[in-house]
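Colleague: I have not looked at this one before. Please walk me through it, one step at a time.

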Amino acid sequence: MILRCAAILVLAATAMLASVPPLRAADESPPEKPVKEVADQRLTVTTPAGTGDLALYVSRDWSRPLPGVTRAVIVIHGRLRNADVYRASAEKALAAAGEAGQAAILVVPQFLAEVDAQAHHLSADTLRWGTTGWEGGSDAKGPAPISAFAGLDAILARLADRTLFPNLTTIVVAGHSGGGQVVQRYAILGQGETVPIAAGVAVRYVVANPSSYAYFNRDRPDGEGGFAPFAGAAACPKFDRWKYGMTDLPAYAGTATPAALEQAYLGRDVTYLLGTADTDPNHPALDKSCMAEAQGPYRLARGEAYVQYLRGRHPDGFRQRLLLVQGVGHDGDRMLTSACGLAALFDRPGCAPPTP
């Protein structure tokens, strides 16, 4: 009898465990662990600070002319630096985009950390950062102090080469979660778009479900639907430091002022892609620092508040888009392959922006 009861309990427990959905890869391991896979290609990045090789995946051989390519899509991984996972999601989006996808090249850079270089015995020339600093454009730990943003500059310069891409018309720089943080900050500080724009190539930034945003002044959501100077500044003195605000900008920013950066950002083609179910204030990958908490309780609230903040500051000059992916939470695969994801990446129809 005791054995029968024990067996029933084991079966019941097994059934309960089977009914619990497994954690997604983005939630299962800390960013301090080395990546499972390192991208198979390299792009040399040269700056006044030195030279290093950026790891990346590229869907076509871009060492020779590609006249059939009219669009380039750059997809940036999340905090786990799992470029292989994001490449797979981006390839699904590419296939779902139809003709637009067939005429596209996919580039997925990988901002490796020192722990990755050690675990995979990478060349000393391979660029590597801290486990999270790359999200804000910090300098590499080796082989030279090269900003993560300089890596994106190098990709944009390669795509702007008309001998390689004579018919390219559009570059989309997209990122989800930690990658969304990279794209939003790069859209503020980035210097690389001047080269493709001068060559007649449009550049778009797609910011998907990041944990936080860079604000242009000391205002934050006041909890009543408006914005005011952050009341918790005394308890959270770093709330306005980069990557959350405009103080202590990275060396990559040079002498740029917050006012000039804000005006440049407003002029850029930015799409905010938010999942309406990304509302867990205790999500394991959510930034819960006081600097991020000052922007709202969870990702959807923080994203909607940031768009409202910019609209309020520039009621006549705000032209950026907000697209909501209905029923999707913190899921990079479903975000990029959704109707709104395809609209943001490939201009596919089927996604209407919400009414402000």
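Colleague: Let's start with a single ring: what is the relative accessible area of Phe-230?

Modeller: Happy to help: this is a predicted model, in which local features need pLDDT of at least 70 and side-chain atom pairs count only at pLDDT 80 or more, while totals for chains, interfaces and linings use all residues. Residues are numbered from 1 along each chain as its sequence is written, and side-chain values use heavy atoms, with hydrogens and water left out. Buried means under 20% relative accessible area, exposed over 50%, and partly exposed in between (1.4 Å probe, protein chains only). Phe-230 falls in the partly exposed class, and its value is 21%.

Colleague: How many aromatic pairs does a search of the whole structure find?

Modeller: Rings of Phe, Tyr and Trp (its six-membered ring) pair if their centres lie within 6.5 Å; planes under 30 degrees apart are stacked, over 60 edge-to-face, and the rest tilted. On that basis, the number of aromatic pairs in the whole structure is 14.

Colleague: Tyr-213 and Tyr-272 form a pair; how many residues apart are they?

Modeller: Their rings are tilted, with 6.5 Å between centres and 55° between planes. Tyr-213 lies in the loop between β6 (202–208) and β7 (219–221), whereas Tyr-272 belongs to strand β9. Helices (H or I, at least four residues) and strands (E, at least two) are DSSP runs, numbered from the N terminus. The pair links distant parts of the chain, with a separation of 59 residues.

Colleague: And what is the angle between the planes of Phe-230 and Phe-239?

Modeller: These two also make a tilted pair, with centres 4.8 Å apart. Phe-239 is buried, at a relative accessible area of 2%. The angle between the two planes is 50°.

Colleague: Which helix gives the most to the largest nonpolar core?

Modeller: A nonpolar core is a set of buried Ala, Val, Leu, Ile, Met, Phe, Trp, Tyr and Cys residues joined through side-chain atoms within 4.5 Å. The largest has 66 residues, of which Trp-62, Leu-159, Ile-171, Tyr-272 and Tyr-306 touch the most other members. With eight residues (helix range 148–159), the top contributor is α6.

Colleague: How many residues does the second core have?

Modeller: This core is separate, and its members include Leu-94, Ala-104, Ala-117 and Met-335. Its count of residues is 36.

Colleague: Which residue's backbone oxygen does the side chain of Gln-295 reach?

Modeller: Gln-295 sits in the loop between α10 (290–293) and α11, and it counts as buried because its relative accessibility is 0%. A polar contact is a pair of N or O atoms within 3.5 Å; within protein, one must be able to donate a hydrogen and the other to accept it, and residues adjacent in sequence count only if both atoms are side-chain atoms. At 2.8 Å, the backbone oxygen reached by the Gln-295 side chain belongs to Tyr-213.

Colleague: How far is the backbone oxygen of Ala-187 from a polar atom of the Arg-268 side chain?

Modeller: Arg-268 is placed in the loop between α9 (258–266) and β9 (269–275). Arg-268 is buried because its relative accessible area is 12%. From the backbone oxygen of Ala-187 to that side-chain polar atom, the distance is 2.6 Å.

Colleague: Last one: which ring does the charged end of Arg-87 sit over?

Modeller: A charge sits over a ring if NZ of Lys or CZ of Arg is within 6 Å of the ring centre and within 35 degrees of the ring normal. Arg-158 lies over the face of Trp-62, at 4.6 Å from the ring centre. For Arg-87, the distance is 4.0 Å and the ring is that of Tyr-57.
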